[in-house]
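Here are my notes from a read through this structure, set out as numbered points. Keep the viewer open as you go.

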Amino acid sequence: MGSDHTHRRWSNLRKVLERCGPFCRPDFEPSSENLQMLLERCKVLVVGAGGLGCELLKNLALMGFRHIHVIDMDTIELSNLNRQFLFRHKDIGSYKAEIAAKFINARVPGCNVIAHNCEIQAKDTAFYQQFHMIICGLDSIVARRWLNGMLMSLLVYENGTLEQSSVIPLIDGGTEGFKGNARVILPGMNPCIECTLDLYPPQVTYPLCTIANTPRLPEHCVEYVKVIQWPKENPFDCAIDGDDPQHINWIYEKSNERATQFGIQGLTYRLVQGIIKNIIPAVASTNAVIAAICATEAFKLATSCSASLNNYMVLNNLDGVYTYTYEAEKKQNCLACSQIPREIEIKDSSYKLQDLIELLCERPDLQMKSPGLTAIINGKSKTLYIKTVSSIEQKTRENLSKTLIELGLKDDTEINIADVTTPNTVTLRLRFSHSDSNSRQ
Ligand SMILES: [Zn+2]
């Protein structure tokens with residue numbers, strides 16, 4: 001690789017990094033050192049090696065990032081190949097991260113991608129701490145929230161002031177069909193995933209009574225067959241396998257019968273397949289746009305050559321091309337990124353532990369999955385309920401039907417909560433509303 005080639009290879013980047021411009025950040029100093037820093041020192045983590053991940057890895061590698069780690073626990077499936085272009089037919093069954101890393105390393109001289117074939121929860125703080133930034137192309141909200149919590153746990157506060165050097169930026173891209181979004185999160189400084197949690201719609205579920213008694217939509221019919229008829233008739237002596245056409249066919253026929261019975265239109269084989277497999281259609285061009293934005297933001301953050309996206313960009317290609325960028329706001333009492341303990345108001349003195357757990361799962365700003373609760377009562381830690389460890393679950397199950405007062409919880413009792421949505425323990429302070437303090441939040 002001659003120096004002439006190297007020089008020409010980065011000539012376009014040099015134009016951006018060695019000259020000043022109106023959009024440069026104030027701390028930007030045009031210099032050839034900017035490129036050297038990018039090539040030699042900048043270390044980034046790409047989370048996810050799927051549709052967005054393949055695009056991200058390709059973009060970053062071609063933009064001069066050389067020290068790239070990629071983490072993904074999934075293996076390659078046939079249905080990935082139409083858009084996850086780092087994979088070939090022979091790679092089916094292999095780890096996505098590993099194959100993607102190999103492909104980039106072979107194709108882009110000088111680039112060193114290191115693969116981690118595991119889930120993000122398998123890595124500790126020391127692992128995440130080594131990166132200058134993290135670029136995220138995930139389809140799971142729980143994984144995003146966990147990662148967000150991890151980056152928050154790395155923040156260092158000195159006398160209440162955030163140490164800038166402990167901030168690891170998170171660039172988050174997401175797509176669903178023809179829609180997508182990209183955002184730049186500077187943990188502790190601007191809004192985080194939890195600050196804007198209520199933007200994510202809760203998973204669509206249908207009330208059982210509607211499915212059973214008053215179906216109105218084709219979806220209701222499919223859900224009925226899935227939840228009620230399949231377990232009852234057990235046609236293939238096994239659980240539903242969304243990849244088995246016989247299974248889908250059976251559900252399709254039964255759903256159709258039910259739809260006809262209730263005069264419901266619009267039931268198709270594809271719809272059945274979509275509901276059973278929980279398919280979110282993936283569109284290659286949406287991934288390409290969102291990944292390009294994320295990679296550009298990574299480049300801007302790494303070099304200071306331009307101000308960052310501030311801070312949330314949405315894309316909608318459903319009908320023409322629409323994009324909009326707005327400044328999402330930090331939530332003052334965010335569970336993840338504020339230093340303020342959150343209070344939870346209990347209005348009813350007959351409130352049971354079960355009710356509290358349901359509240360934690362249903363509230364749009366909390367959306368927990370299977371919270372485990374402990375409390376400090378009279379100076380001692382008491383386990384209220386933990387579902388994930390079966391021996392503790394058995395011992396604490398009886399607490400579910402007790403009221404909070406029976407369990408010894410009072411005003412100002414702090415409840416520590418562990419959940420899959422964060423690596424950290426979340427603390428909530430109980431506030432029983434009395435007639436004289438109804439206005440309290
Ligand atoms: Zn936050």
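1. First, a term: helices (H or I, at least four residues) and strands (E, at least two) are DSSP runs, numbered from the N terminus. With that in hand, Asn-399 sits in the loop between α14 (390–396) and β14 (414–419). Across the protein chain the tally comes to 14 helices and 15 strands.

2. A word on ground rules. The model is predicted, so local features need pLDDT of at least 70 and side-chain atom pairs count only at pLDDT 80 or more, while totals for chains, interfaces and linings use all residues. Residues are numbered from 1 along each chain as its sequence is written, and side-chain values use heavy atoms, with hydrogens and water left out.

3. Back to Asn-399: is this residue buried or exposed? Asn-399 counts as buried, because its relative accessibility is 7% (buried means under 20% relative accessible area, exposed over 50%, partly exposed in between, with a 1.4 Å probe and protein chains only). Leaving out residues up to four places away in sequence, Asn-399 touches Leu-353, Thr-383, Leu-384 and Leu-407; contact here means heavy atoms within 4.5 Å.

4. The overall picture. The C-alpha trace of the protein chain spans about 75 × 60 × 40 Å along its principal axes. Of the 441 residues in the chain, 46% are buried. Take the contacts between residues at least 6 apart in sequence: 61% of them join residues at least 24 apart.

5. Domains next. The bounds come from an automatic or database domain assignment, which gives domain 1 (3–177 + 282–309), domain 2 (208–277) and domain 3 (342–432). Note that domain 1 is written as two segments. The centres of domain 1 and domain 3, taken over C-alpha atoms, are 38 Å from each other.

6. How do domain 1 and domain 3 meet? On the domain 1 side 6 residues make contact, and on the domain 3 side 9 residues do. About 600 Å² is buried between the two, with carbon and sulfur atoms giving 56% of that area; buried area is the accessible area (1.4 Å probe) that two parts lose on being put together, summed over both. Within domain 1, Val-142, Arg-145 and Trp-146 lose the most area to domain 3, together 76% of what that side buries.

7. What about polar pairing across that boundary? There are 0 salt bridges between domain 1 and domain 3, a salt bridge being a side-chain nitrogen of Lys or Arg within 4 Å of a carboxyl oxygen of Asp or Glu. There are, however, 4 residue pairs in polar contact between these domains, both residues at pLDDT 80 or more. A polar contact is a pair of N or O atoms within 3.5 Å; within protein, one must be able to donate a hydrogen and the other to accept it, and residues adjacent in sequence count only if both atoms are side-chain atoms.

8. How many salt bridges does the whole structure hold? The search finds 18. One of them links Glu-55 to Lys-58, with the closest N and O atoms 3.0 Å apart. Both residues lie in helix α4 (residues 51–62), 3 residues apart, or about one turn of the helix. Glu-55 is buried at 9% relative accessible area, whereas Lys-58 is partly exposed at 27%.

9. Helix α9 (residues 218–233) holds another pair, Lys-226 and Glu-223, and because they are 3 residues apart there, about one helical turn separates them. Their side chains form a salt bridge at 3.9 Å, N to O. Lys-226 is partly exposed at 32%; Glu-223 is buried at 15%.

10. Lys-402 and Glu-398 also form a salt bridge, at 4.0 Å, N to O. Lys-402 is partly exposed with 30% relative accessible area, and Glu-398 is exposed at 53%. Elsewhere, Glu-343, Asp-411, Asp-412 and Arg-431 are joined into one network by salt bridges that share partners.

11. Last stop, Pro-364, which lies in the loop between α13 (353–362) and β12 (372–377). Pro-364 is partly exposed, at 48% relative accessible area. Not counting residues up to four places away in sequence, Pro-364 touches Leu-197 and Asp-198. The C-alpha atoms of Pro-364 and Asp-198 are 5.1 Å apart, although their positions lie 166 residues apart along the chain.
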